[in-house]
Amino acid sequence: MTIGLVSLGCAKNAVDLQVMSGHLLKAGHTLAPDPDNADVILVNTCAFIESAREEAAAEIARACELKRAGRCKAVVAAGCFVQRYRAEVLKAFPDLDAVLGVDALDHITQVVEETTRVSLPRNCNGRVALLRDREGSPRGSGTLAASKSATVPPGLPKKVFDPPIPALRLTGAAFAYLKVAEGCAHRCAYCAIPAIRGKFRSRPLKSVLAEARALVKTGVKELNVIAQDPMLYGVDFRDGTNLVTLLRALDKIPGDFWVRVLYSYPSEITDAFLDWMNTSPHAVKYIDVPLQHTDPKILQAMARGSAVKATREAAERLRAAVPGVTLRTTVMTGFPGETPAAFTRMLADVKRMSFDHLGVFAFSPEEGTPAAKLPRRPSLAVAERRAGEVMALQKRIWSAKARKYVGRTFRALVVAPGVARLASQAPDVDGVVHLRRAAEVGTFIDVTIAKVRGFDFEEA
């Protein structure tokens, strides 16, 4: 049976799709090169903000339309969107055959095979009238017309999944995401991730290293260490294991490859981590430290008050500790209580700290989060205008920084035909280098920068 994959959301979500794909391949199924031409379409969804939920709904609707047209046999939705809104999703999409929560990835083969064995009849208005949970009793009302598969275990997710070995990667030959933990230990006022993904829990060190070795053995040249907060890796083991323990162990794997750590809560970046970055033969000198804001009152309202000092001093401290480091951040505009003065302060701090890369998004009130009920929220129009101002400033900062690259030669990793990335460019979020020559994907080359094109470079 052929399975078409639709991947939405962050890199951590993409790793979940790799886990599911690995189980499907081991069961003898085939991954379709084009999801529009497959027996089953698997949509792995995101629910972080409203725009992500809209995208998830649109992709599920599109897949269901293909099913109605006879282009596929079944549609399965997985991931954060269905984890949080299972009942609503099943009600909204009567042609959807199954949903799979984030704690049930290892059920994917059984779910897919069941959806293609059972033809689901509809009631007179085209709606499936009965939903049946694997872990619960029948739900819904009306005429009993059919049964759907809803594998979303009750309560918060508790599991941590290891990808099947040899590790499957959907990122291509050159790089991979190495997810080292699940869930989140923070309770930022605006974020629904803990309610979707559960408490922070680390993968066992042994299993992470086994996956890393398998990836390097198959030719991966960049391991991107990811989690909701990688800096907390090992804290739940209570045996002294921490992120640096893991990183030093990765350094012992033979081979020429990069190790990049993505996402670092500002107050948790330790001197030991910075020392690893300075001394490791594999470390990429790149730190993604999402600040979200810099105004103390806004940080307090965000429940990030403990990081006020670390936030204000982040860029200076990191540049002093790691010469030549590339810094990236993310900021939010329009959070409740963000006055013109608070925004002006953040804008001034963005200019002062002069990040190499920056992302900005307007605040989105998330159901069930404390921030959704906070008063004095700027209008969406104001939040988006402020986001535009931040991005305009960052473009000026980037333009000045980018000019310094021109004429210089850097080591780069070829990640696709005609495309490479410098150590200062993280996958998916930063720019790339457009090559003028053929180079084998998954190899390191030296490139001389001739021109800046937006946030990208062109090779001489």
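Is Thr330 buried or exposed? I should like to take that residue as the starting point this morning, with the reminder that the structure before you is a predicted model.

Thr330 has a relative accessible area of 16%. Because buried means under 20%, Thr330 counts as buried. The residue belongs to strand 15, which runs over residues 326-333. If we set aside its neighbours within four places in sequence, Thr330 is in contact with Pro290, Leu291 and Gln292, and also with Gly359 and Phe361.

Let me now turn from this residue to the chain as a whole. The chain contains 21 strands, together with 13 helices. Its radius of gyration is 23 Å, close to the 23 Å that the globule rule gives for 460 residues, so the chain is as compact as a globular protein of that length. Measured out along its principal axes, the C-alpha trace spans about 65 × 55 × 45 Å.

How many of the residues share the buried state? Of the 460 residues, 56% count as buried. As for contacts, among those in the chain with a separation of 6 or more, 73% come from residues 24 or more positions apart.

I shall finish with the surface and the charges. The accessible surface of the chain comes to about 19,300 Å², and carbon and sulfur atoms account for 54% of that area. The chain carries 63 positive and 48 negative side chains. The centres of these two sets lie 2 Å apart.

Notes:
Residues numbered from 1 in each chain as written. Predicted model: local features only at pLDDT ≥ 70, side-chain atom pairs only at ≥ 80, totals over all residues. Heavy atoms only, no water. Helix = DSSP H or I, 4+ residues; strand = E, 2+ residues; numbered from the N terminus. Rg over C-alpha atoms; globule rule 2.2 N^0.38 Å. Buried < 20%, exposed > 50% of the residue type's maximum accessible area, 1.4 Å probe, protein only. Contact = heavy atoms within 4.5 Å. Areas by Shrake-Rupley, 256 points an atom, 1.4 Å probe, with all protein chains shown as cover. Lys, Arg positive; Asp, Glu negative; His and termini not counted. Charge placed at Lys NZ, Arg CZ, Asp CG, Glu CD.
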